[in-house]
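Colleague: I am new to this structure and would like to go through it with you, one question at a time. Could you show it first?

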Amino acid sequence: MIMDIAFFSIVQWYCLIGILGIIIGFADSSKKVIYVGSRRICTCQAFGLGICCLIMSGLAAYRTNIGDTPNYTNIFRNTPIFWTDFKNFVTDRSEKGFYFLNYIIKKYIGDSSHIYLFITSFVIILGVIVFFYKYTEAAGMCLLIYILSGSYVSGMNGIRQSIVAATFAISVIFIREKKIIYYMLLCLILYTIHNSAIILIPMYWILNMKAWKKGSYILVGITGILYVVYPVFASILVNLLQGSTYEVYGNGIQNFTNGGANIIRLLVLGLPIVLSFMFRKKIEKECQYFGMLLNGALMNFMFMLLATIRSWIFARFCMYFNVFSIALLVVCIKASEKNKKMLYVLCICFYLVFFYYEMRATIGF
C-alpha cells in the first residue's frame with residue numbers, strides 16, 4: 001500500500017519534487033509533437049504534464065489526514081446511492097451541487113474513498129495545468145512553483161473550493177471570448193458546490209481590464225481602503241454570513257480570534273506584482289494575457305493582505321487566484337531577458353526553501 005502522503009518525510013517530499021521536476025524539465029524543453037501513425041496526438045510538453053497530473057492525483061488519493069480530508073471521505077461514505085434516499089439526504093443541506101457530485105461518483109464510478117480522492121484530485125490538478133498550458137509558455141515551470149508554493153497540498157484540504165477553483169481556471173476561456181452568459185451560468189452552478197463562488201461573478205469584468213491602467217490602480221486603491229477600514233468591512237461581512245453555512249467564521253473575522261496569515265506569504269504574492277510593474281511595457285508587448293494575469297494576482301494579494309490582519313479565513317479565497325500569481329511570476333521572469341536561466345534557478349531555490357516553511361505550517365513535519 002502507498003504511504004499516506006500526509007506523513008511523507010521532508011526527504012520523501014523533495015524526492016517527489018525531484019522526480020516531477022525531471023519530467024517537467026524534459027517536457028518543457030521539448031518542442032516535439034507525438035504522433036500515432038499520421039495522427040497528431042499532443043505535444044511532448046502536454047504529455048509530460050499529463051504524466052505529472054496522474055502521479056500527483058495518484059499520491060493525493062492515498063491521503064487520510066490532510067486538513068478536512070476525513071470529513072470529505074465521511075460525507076462520501078454516507079452518501080446514499082439510491083435516488084430516493086439521496087433526495088432525503090440533501091433536503092436540509094446547502095451546496096447541494098457538491099453532494100450531487102459525490103452521488104454521481106459513488107453510484108456510477110465506485111464507492112472507494114481512494115477512487116473518490118483520485119477523481120477529485122485529478123479534476124483539481126487538471127484545471128490548474130490547463131490554465132498554465134493555455135496562458136503561459138512555461139507551463140511546467142508554473143506547475144513546479146504550484147507544488148513548491150504549497151498550493152498542491154492546500155488543494156487537498158478544501159475539496160469543494162478546490163474543485164470550484166479548478167473549474168474557474170478552465171472557465172477563464174469564457175471571459176477571454178466574452179461569453180458572459182456561459183460564464184454566469186457556470187458561476188451559478190459552482191455556487192451550488194461552494195457558496196463562495198459568488199465572488200467569481202465580478203471576475204468577468206475585472207479580468208478583462210487592461211494591465212496597469214485605470215482598473216488595476218482602482219484594485220490597488222480598494223485593497224488599501226479595505227485594509228484601513230477593516231473593522232467596518234468585517235462588521236458588514238459578519239452580517240452577510242449570518243444564517244449561512246459559514247456563520248461560524250463570523251466571530252473570528254470580527255474579533256480576530258482566527259489568527260492571521262504569515263507576512264512571508266504576503267511578500268511572496270507581492271513580488272510578481274512589483275516585477276510586472278517594472279517590466280510592464282515589455283510584458284504588454286509579449287503577453288496578450290497580461291491584464292488578466294495581473295488583475296487576478298492583485299485579487300490574490302488583496303485577500304492575502306486581509307488575511308494578515310489576523311483572519312486567515314480570507315486566505316481561503318486565494319485558492320481561486322493563486323494560479324494568476326504563479327503565471328504572472330513566470331511571465332515576469334521571461335520578460336527579464338538578461339540572466340533568465342539564472343533567475344529560473346534562483347526562483348526554484350527560493351521556493352524549495354519556502355516549501356519547507358509552508359509544509360511545516362500546513363502538515364507540521
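The questions and answers below go from the whole protein to single residues.

Colleague: What kind of model is this, and how are residues numbered?
Modeller: This is a predicted model, in which local features need pLDDT of at least 70 and side-chain atom pairs count only at pLDDT 80 or more, while totals for chains, interfaces and linings use all residues. Side-chain values use heavy atoms, with hydrogens and water left out, and along each chain, as its sequence is written, residues are numbered from 1.

Colleague: How many helices and strands are there in the protein?
Modeller: Helices (H or I, at least four residues) and strands (E, at least two) are taken as DSSP runs and numbered from the N terminus. Counted in this way, the protein has 19 helices and two strands.

Colleague: What percentage of the residues is buried?
Modeller: Buried stands for under 20% relative accessible area, exposed for over 50%, and partly exposed for what lies in between, with a 1.4 Å probe and protein chains only. Of the 365 residues in the protein, the buried ones make up 50%.

Colleague: Which residues of helix H7 are buried?
Modeller: Helix H7 covers residues 139–148, and 10 of its 10 residues are buried, so this helix is largely enclosed by the rest of the structure. After H7 comes Gly150, with a positive phi near 90°. The buried residues of H7 are Ala139, Gly140, Met141, Cys142, Leu143, Leu144, Ile145, Tyr146, Ile147 and Leu148.

Colleague: How far apart are the end C-alpha atoms of helix H15, and what span is expected?
Modeller: The expected span of a helix is 1.5 Å times one less than its number of residues. Helix H15 has 16 residues (263–278) and should therefore span 22 Å, which agrees with the distance between its end C-alpha atoms, 22 Å.

Colleague: Where does H15 bend?
Modeller: The bend at a residue is the angle between axes fitted to the seven residues ending there and the seven starting there. In H15 this angle is about 25°, and a proline, Pro272, follows within four residues of the bend, which is at Gly270.

Colleague: Which residue of helix H19 meets Arg265 in a salt bridge?
Modeller: A salt bridge is a side-chain nitrogen of Lys or Arg within 4 Å of a carboxyl oxygen of Asp or Glu, and the side chain of Arg265 meets that of Glu358 in one, at 3.1 Å from N to O. Arg265 lies in helix H15 and Glu358 in helix H19 (residues 340–362), so the pair ties together parts that are 93 residues apart in sequence. Arg265 is partly exposed, with a relative accessible area of 22%, whereas the partner that counts as buried, at 10%, is Glu358.

Colleague: What is the distance between the closest N and O atoms of Glu95 and Arg160?
Modeller: Both of these residues are buried, and they form a salt bridge. Glu95 lies in the loop between helix H4 (83–90) and helix H5 (96–108) and Arg160 in helix H9 (residues 159–176), so the pair ties together parts that are 65 residues apart in sequence. The closest N and O atoms of the pair are 2.0 Å apart.

Colleague: Is the phi of Glu95 positive or negative?
Modeller: Most residues other than glycine have a negative phi. Glu95 is not a glycine, yet its phi is positive, at about 55°.

Colleague: Where is Trp212, and what is its phi?
Modeller: Trp212 is placed in the loop between H11 and helix H12 (214–228), and with a relative accessible area of 12% it is buried. Although Trp212 is not a glycine, its phi is positive, at about 50°.

Colleague: Which helix gives the most to the nonpolar patch on the surface?
Modeller: Patches are made of residues with over 30% relative accessible area and no salt bridge, where like charges are joined within 9 Å and nonpolar side chains (Val, Leu, Ile, Met, Phe, Trp, Tyr) within 5 Å. Ile180, Ile181, Leu185, Leu188 and Trp205 form the nonpolar patch, with about 520 Å² of accessible area together, an area that comes from the Shrake-Rupley method with a 1.4 Å probe. Trp205 is in helix H11 (residues 203–206), while the helix that gives the most, with four residues, is H10 (residues 180–191).
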